[in-house]
Amino acid sequence: MPKLPPKRLESRRQAILEAAERAFARDGFHGTSMQNICREAGISPGTLYLYFPSKVALIAGLCERDRNEIKAALIEVENAPNILEALEDMLVHYACVEPHERRALMFEIGAEALRNPDIAKLMTETDDAFTAMVRATVVGAVDAGRITPHGDIDTIFDLLSALGDGILWRATLRPDLDHRNSIRRIFALVRQQLLTSTTDTPLACPA
């Protein structure tokens, strides 16, 4: 590894991951060679292999980056005045604000996981980590009295997970649709039927 300051090493590593992300999303996992990634990143093969010896290692690096980003985002959710609004904003960000190529890559990796056991292991570990972090945030808010569940919390969380996955999938396939409005309507139902934040405006009682 070249003698570079840690910040410079990390900056270069992230730049390589971003280049790989663009190439994978554009050309697919199998359609992207290490040489393609070198060209995308503007680096030599020797430099690439110092950081990532294979395409699987690049996918592992992308999964690690995403786990760290989700962890940081959930810390902001936990500190927000209204946790449900913060979760809604977080989903809007990943479905509507993040570049389309990042969502596309997530499903490209998922498809490759059906054929490649190494990728499948990475995807399973990453999904387990995401699920555990989001669940801990929701359950922690319930335990702290910040959210009131309207039913069994495990069932509610399973439904929320399915809704989130479905929205991200639909946003990937149909970026032309108004997903912000869809998320807004879905979270209105969440507040009515599943979870209520203590900082939400109280729902009117039926006559």
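Okay, one definition before we start: helices here are DSSP runs of H or I with at least four residues, and they are numbered from the N terminus. Keep that in mind when I say α5 or α6. Also, what you see above is a predicted model.

Let's use those helix names right away with Glu 98. It sits in the loop between α5 and α6. Buried or exposed, which is Glu 98? It has 14% relative accessibility, and the cut-off for buried is under 20%, so Glu 98 counts as buried. Its side chain joins the side chain of Arg 102 through a polar contact of 2.7 Å. If you skip residues up to four places away in sequence, Glu 98 also touches His 93 and Arg 103.

That brings us to charges. How many salt bridges does a search of the whole structure find? The count is 16. One of them pairs Glu 64 with Arg 13, with the closest N and O atoms 3.2 Å apart. Those two come from distant parts of the chain: Glu 64 is in helix α4, Arg 13 is in helix α1, and their positions lie 51 residues apart in the numbering, counted as 51 residues apart. Glu 64 is partly exposed, at a relative accessible area of 34%.

Next, Arg 22 and Glu 40 form a salt bridge, and here the closest N and O atoms are 2.9 Å apart. Arg 22 is in helix α1 and Glu 40 is in helix α2, so this pair ties together parts that are 18 residues apart in sequence. Arg 22 is partly exposed at 29% relative accessibility, and Glu 40 is partly exposed with a relative accessible area of 25%.

Then look at Arg 191 and Glu 88, whose side chains meet in a salt bridge at 3.3 Å, N to O. This pair links helix α9, where Arg 191 is, with helix α5, where Glu 88 is, and the two are 103 residues apart. Arg 191 and Glu 88 are both buried. And our friend Glu 98 comes back here: salt bridges with shared partners join Glu 21, Arg 65, Asp 66, Glu 69, Glu 98 and Arg 102 into one network.

Now for the nonpolar side. In soluble globular proteins, nonpolar side chains tend to be buried together. In this model, the largest nonpolar core has 26 residues, and Val 77, Leu 87, Met 90, Ile 183 and Leu 195 touch the most other members. Which elements give two or more residues to this core? They are α4 (55-79), α5 (83-97), α7 (117-143), α8 and α9 (179-193). The top contributor is α5, with nine residues. Zoom in on Leu 195: not counting residues up to four places away in sequence, it touches, among others, Leu 84, Val 138, Ile 147, Pro 149 and Val 190. Apart from this core lies another one, of 21 residues, including Ala 23, Met 34, Phe 52 and Ile 109.

Let's look at two threonines. Thr 32 is in the loop between α1 (6-27) and α2 (34-41), and at 1% relative accessibility it counts as buried. A polar atom of its side chain lies 3.1 Å from the backbone oxygen of Ala 23. Thr 137 is in helix α7 and is buried too, at 3% relative accessibility. Its side chain reaches the backbone oxygen of Met 133 at 3.0 Å. Thr 137 and Glu 78 are 59 residues apart in sequence, yet their C-alpha atoms are 6.6 Å apart in space.

Last stop, the rings. How many aromatic pairs are there? Two. Phe 24 and Phe 29 are stacked, at 5.5 Å centre to centre with 25° between the planes. Both Phe 24 and Phe 29 are buried. The other pair, Phe 107 and Trp 169, is edge-to-face, at 4.6 Å centre to centre with 70° between the planes. It links helix α6 (residues 100-113), home of Phe 107, with helix α8 (residues 153-173), home of Trp 169, and the two are 62 residues apart. Phe 29 has one more partner: Lys 55 lies over its face, at 4.6 Å from the ring centre.

That's my tour, thanks!

How values were computed: Residues numbered from 1 in each chain as written. Predicted model: local features only at pLDDT ≥ 70, side-chain atom pairs only at ≥ 80, totals over all residues. Heavy atoms only, no water. Phe/Tyr/Trp six-rings, centres within 6.5 Å; stacked < 30°, edge-to-face > 60°. Buried < 20%, exposed > 50% of the residue type's maximum accessible area, 1.4 Å probe, protein only. Lys NZ or Arg CZ within 6 Å of the ring centre and 35° of its normal. Core = buried A, V, L, I, M, F, W, Y, C linked by side-chain atoms within 4.5 Å. Contact = heavy atoms within 4.5 Å. Polar contact = N/O pair within 3.5 Å; in protein donor to acceptor, adjacent residues only side chain to side chain. Salt bridge = Lys/Arg side-chain N within 4 Å of Asp/Glu carboxyl O.
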